[in-house]
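Trainee: I would like to learn how to read a fold one feature at a time. Can we work through an example together?
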Amino acid sequence: MPSHAGPEEGLRTTAPPTHGALHHVELWVPDLGRAVASLGWLLEELGHEPYQSWGAGRSWRLGPTYLVVEESPALTADRHDRRRPGLNHLAFHVEDTATVEKLTADAAAHGWHLLFPEKHPYAGGERHYAAYLENDDGFEVELVAIPPPDRN
């Protein structure tokens, strides 16, 4: 069993976890190398730090929450379909609109393509500045610009 399934030593950063907060997300991927190249790149660009590594998986964390990608031998398909029951997408807060655009431009070199390009950056509505990206394995992420009044 991978180490992410057990107790997490040193996982606390500045504050203890909050009751009900997300602990971790685990994505089973058909190709670990592609996942590391696309999801790993994006997570690190968003400030997540590499956390764990084992033969069939990797994880990255930000605060008390971490995201795992694992190439499991129990997979029943070779591509994720976000339109089937299960995970549709992961959405991440992004510092500002300029950073959304930079990540969107850089993402193509890391296995991502822009969804809904004809509506970008307002595919989610006229007050929702975001980029919707899909990688070569069918996983979607939404990069949502933090509105100026909400920034610290």
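Trainee: Which residue does Trp54 stand opposite in strand 3?

Mentor: To find a partner, look straight across from one strand to its neighbour. Here Trp54 stands opposite Gly57 in strand 3. Keep in mind that this is a predicted model.

Trainee: How many bridges join strand 2 to strand 3, and do they run parallel or antiparallel?

Mentor: Follow each strand and note its direction. Strand 2 and strand 3 run antiparallel and are joined by five bridges. The link from strand 2 to strand 3 is a hairpin through two residues.

Trainee: What about strand 3 and strand 4?

Mentor: Strand 3, residues 57–62, and strand 4, residues 65–70, also run antiparallel, with six bridges between them. One pair to look up is Trp60 with its bridge partner Leu67 in strand 4. These two strands form a hairpin too, with two residues between them. In that turn, Gly63 has a positive phi of about 65°.

Trainee: In what order do the four strands lie in the open sheet?

Mentor: The order across a sheet need not be the order along the chain. In this sheet the order is 1-4-3-2, and the pairing is mixed. Strand 1 (24–28) and strand 2 (49–54) are the edge strands, as each pairs on one side only. On average, neighbouring strands of the sheet are turned by 15° against each other, direction ignored.

Trainee: Which strands does helix 1 touch?

Mentor: Helix 1, residues 32–45, packs on the sheet and touches strand 1, strand 2, strand 3 and strand 4. The direction of helix 1 makes about 10° with that of strand 3.

Trainee: Which residues of strand 5 are on the covered face, and which on the uncovered one?

Mentor: Take the residues of a strand one by one and assign each to a face. In strand 5, residues 90–94, the covered face holds Leu90, Phe92 and Val94, while Ala91 and His93 are on the uncovered face. Strand 5 runs parallel to strand 8 (residues 140–145), and five bridges join them. Val94 of the covered face stands opposite Ala145 in strand 8.

Trainee: How many cavities of 30 Å³ or more are there?

Mentor: The count comes to one cavity of 30 Å³ or more. The largest cavity has a volume of about 40 Å³. Its lining includes Leu27, Leu39, His80, Leu90 and Phe139. By type, the lining residues divide into six nonpolar, three polar and one charged.

Trainee: What should I look for in the backbone of a loop?

Mentor: Look for exceptions. Most residues other than glycine have a negative phi, and most peptide bonds are trans. In this model, Phe116 has a positive phi, near 55°. Phe116 is found in the loop between strand 6 and strand 7. Pro121 lies in the loop between strand 6 (112–114) and strand 7 (130–135), and the peptide bond from His120 to Pro121 is cis, with omega near 5°.

Trainee: Why does Phe116 count as partly exposed?

Mentor: Partly exposed covers values between the buried cut-off, under 20%, and the exposed one, over 50%. Phe116 counts as partly exposed because its relative accessibility is 34%.

Trainee: And what is the pattern of the protein, read along the sequence?

Mentor: The pattern is β-α-β-β-β-β-α-β-β-β, with two helices and eight strands. Of the 152 residues, 37% count as buried.

Conventions:
Residues numbered from 1 in each chain as written. Predicted model: local features only at pLDDT ≥ 70, side-chain atom pairs only at ≥ 80, totals over all residues. Heavy atoms only, no water. Pairing = 2+ DSSP bridges. Axes fitted to C-alpha atoms, helices over the stretch in contact; angles between N-to-C directions. Contact = heavy atoms within 4.5 Å. Buried < 20%, exposed > 50% of the residue type's maximum accessible area, 1.4 Å probe, protein only. 1 Å grid on protein atoms, 1.4 Å probe; cavity = no way out; pocket = protein on both sides within 12 Å on 5 of 7 lines; lining within 4 Å. Points joined across faces, edges and corners; volume = space filled by probe spheres on them. Nonpolar A, V, L, I, M, F, W, Y, C, P; charged D, E, K, R; others polar.
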